[in-house]
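Work through the exercises below with the sequence and the structure side by side. Each task is followed by a solution that goes step by step.

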Amino acid sequence: RFFELLPLPLGINMFLLILAAVWAMLLRAVWRGRWLERFLGIDPLRPEIDFSPTAPKKSTLVMEQVRTMTQAIKQVSAVFSGLTLALALIVFCTYDTGRAGLQFAERIPWVPSLGISYFNAADGFSLPMILLTGIVFFTGVLSMRELEHRVKEFYALYFLLVTGVFGLFMSFDLFFIFIWYDVSLFPMYLL
């Protein structure tokens, strides 16, 4: 019973096995059906150098696809950071100031023998930090609209950084405070 993990019942194991088999068949169908080539215009098996007269036209089309993908990444990031800000505002506004102590608490024992539990909550000190993190997250996404290079990597690392900061402000277990701090340090170094 290491980390309090119990063996799963036979029914759940069979379900996971069937789910993995369906996933493998779906990936095989995508590969054999050449869906990547049909829908995205790429063939992962044939990287080729095309010296034909249509090469400039093809490169222009590829650049246009990359430009629309970066715009989509920026728009999706703005929507999800806006949702995060809205959730931070909801938590801030629904906090009962007349009742002292921790609210919105979630406690899950993780390693009981060491006293480690996943314990997240909000109190009067962490609540403004959560709201400020939501505001900074949303404005940070909006302020990076001019970014053109490595857009996907930037937003992935930025979302990971903000996840670590939210976890750090909401964690009430010392072990997870260090975990969330480390989660926020890694993307901060790369950004």
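Strands, as the word is used here, are DSSP runs of E that hold at least two residues, and they are numbered from the N terminus. Under that definition Phe104 lies in strand 1. The model is a predicted one, and local features are taken from it where pLDDT is at least 70.

**Exercise 1. The overall layout**

Task: State how many helices and strands the protein chain has, and in what pattern they follow along the sequence.

Solution. Begin by counting the elements: the protein chain has 6 helices and 2 strands. Next, read along the sequence, where the pattern is α-α-α-β-β-α-α-α. Then turn to burial, for which 24% of the 191 residues count as buried. The protein chain exposes about 14000 Å², and 72% of that area is supplied by carbon and sulfur atoms. Finally, consider contacts between residues at least 6 apart in sequence, of which 56% join residues at least 24 apart.

**Exercise 2. The strand pair**

Task: Determine how strand 1 and strand 2 run relative to each other and how many bridges join them, and find which residue in their hairpin takes a positive phi.

Solution. Locate strand 1 at residues 103–111; 6 bridges join this strand to strand 2, and the two run antiparallel. Val111 stands opposite Ile116 of strand 2. Between the strands of this hairpin there are 4 residues, and Gly115 takes a positive phi near 75°.

Now look at burial in strand 2, which spans residues 116–122 and is mostly covered, with 6 of its 7 residues buried. Ser117 has its place in this strand. Because buried means under 20% relative accessible area, Ser117 counts as buried at 5%. Leaving aside neighbours within four places in sequence, Ser117 is in contact with Arg107, Ile108, Pro109 and Trp110, and also with Asp173 and Phe176.

**Exercise 3. Positive phi outside glycine**

Task: For Phe104 and Arg150, which each have a positive phi of about 55°, decide where each residue lies and whether it is exposed or partly exposed.

Solution. Take Phe104 first: this residue is not a glycine, yet its phi is positive, at about 55°. Phe104 belongs to strand 1, and its relative accessibility of 39% makes it partly exposed. Arg150 is likewise not a glycine and has a positive phi of about 55°, but its place is in the loop between helix 4 and helix 5. Because exposed means over 50% relative accessible area, Arg150 counts as exposed at 62%.

**Exercise 4. The salt bridge**

Task: Identify the residue with which Lys74 forms a salt bridge, and compare the burial of the two partners.

Solution. The partner is Glu148, and the closest N and O atoms of the pair are 3.5 Å apart. Lys74 is in helix 3, while Glu148 is in the loop between helix 4 and helix 5, so that the pair links distant parts of the chain, 74 residues apart. As to burial, Lys74 is buried with a relative accessible area of 0%, whereas Glu148 counts as partly exposed at 48%. The count of salt bridges by the rule applied here comes to 1. As general background, side chains of opposite charge can pair when their charged atoms come close.

**Exercise 5. Core and surface**

Task: Establish which residues of the largest nonpolar core touch the most other members, and which residues make a nonpolar patch on the surface.

Solution. The largest nonpolar core holds 18 residues, and those that touch the most other members are Ile130, Phe137, Val141, Phe154, Tyr155, Tyr158 and Val162. Two or more residues are given to this core by each of helix 3 (55–94), helix 4 and helix 5 (151–170). The most comes from helix 5, with 8 residues. Phe154 also repays a closer look: not counting residues up to four places away in sequence, Phe154 touches Met144, Leu147 and Leu191.

Compare Val136, which is found in helix 4 (residues 126–143) and is exposed, with a relative accessible area of 52%. Val136 is 26 residues from Val162 in sequence, and their C-alpha atoms are 9.4 Å apart in space.

For the surface, Ile12, Phe15, Leu16 and Leu19 make a nonpolar patch of about 380 Å². Leu19 has its place in helix 1 (residues 10–32) and counts as partly exposed at 47% relative accessibility.

How values were computed
Residues are numbered from 1 along each chain as its sequence is written. This is a predicted model: local features need pLDDT of at least 70, side-chain atom pairs count only at pLDDT 80 or more; totals for chains, interfaces and linings use all residues. Side-chain values use heavy atoms; hydrogens and water are left out. Buried means under 20% relative accessible area, exposed over 50%, partly exposed in between (1.4 Å probe, protein chains only). Contact means heavy atoms within 4.5 Å. Accessible areas come from the Shrake-Rupley method with a 1.4 Å probe; for residues, only the protein chains shown count as cover. Two strands pair if DSSP finds at least two bridges between them. Patches are made of residues with over 30% relative accessible area and no salt bridge: like charges are joined within 9 Å, nonpolar side chains (Val, Leu, Ile, Met, Phe, Trp, Tyr) within 5 Å. A salt bridge is a side-chain nitrogen of Lys or Arg within 4 Å of a carboxyl oxygen of Asp or Glu. A nonpolar core is a set of buried Ala, Val, Leu, Ile, Met, Phe, Trp, Tyr and Cys residues joined through side-chain atoms within 4.5 Å.
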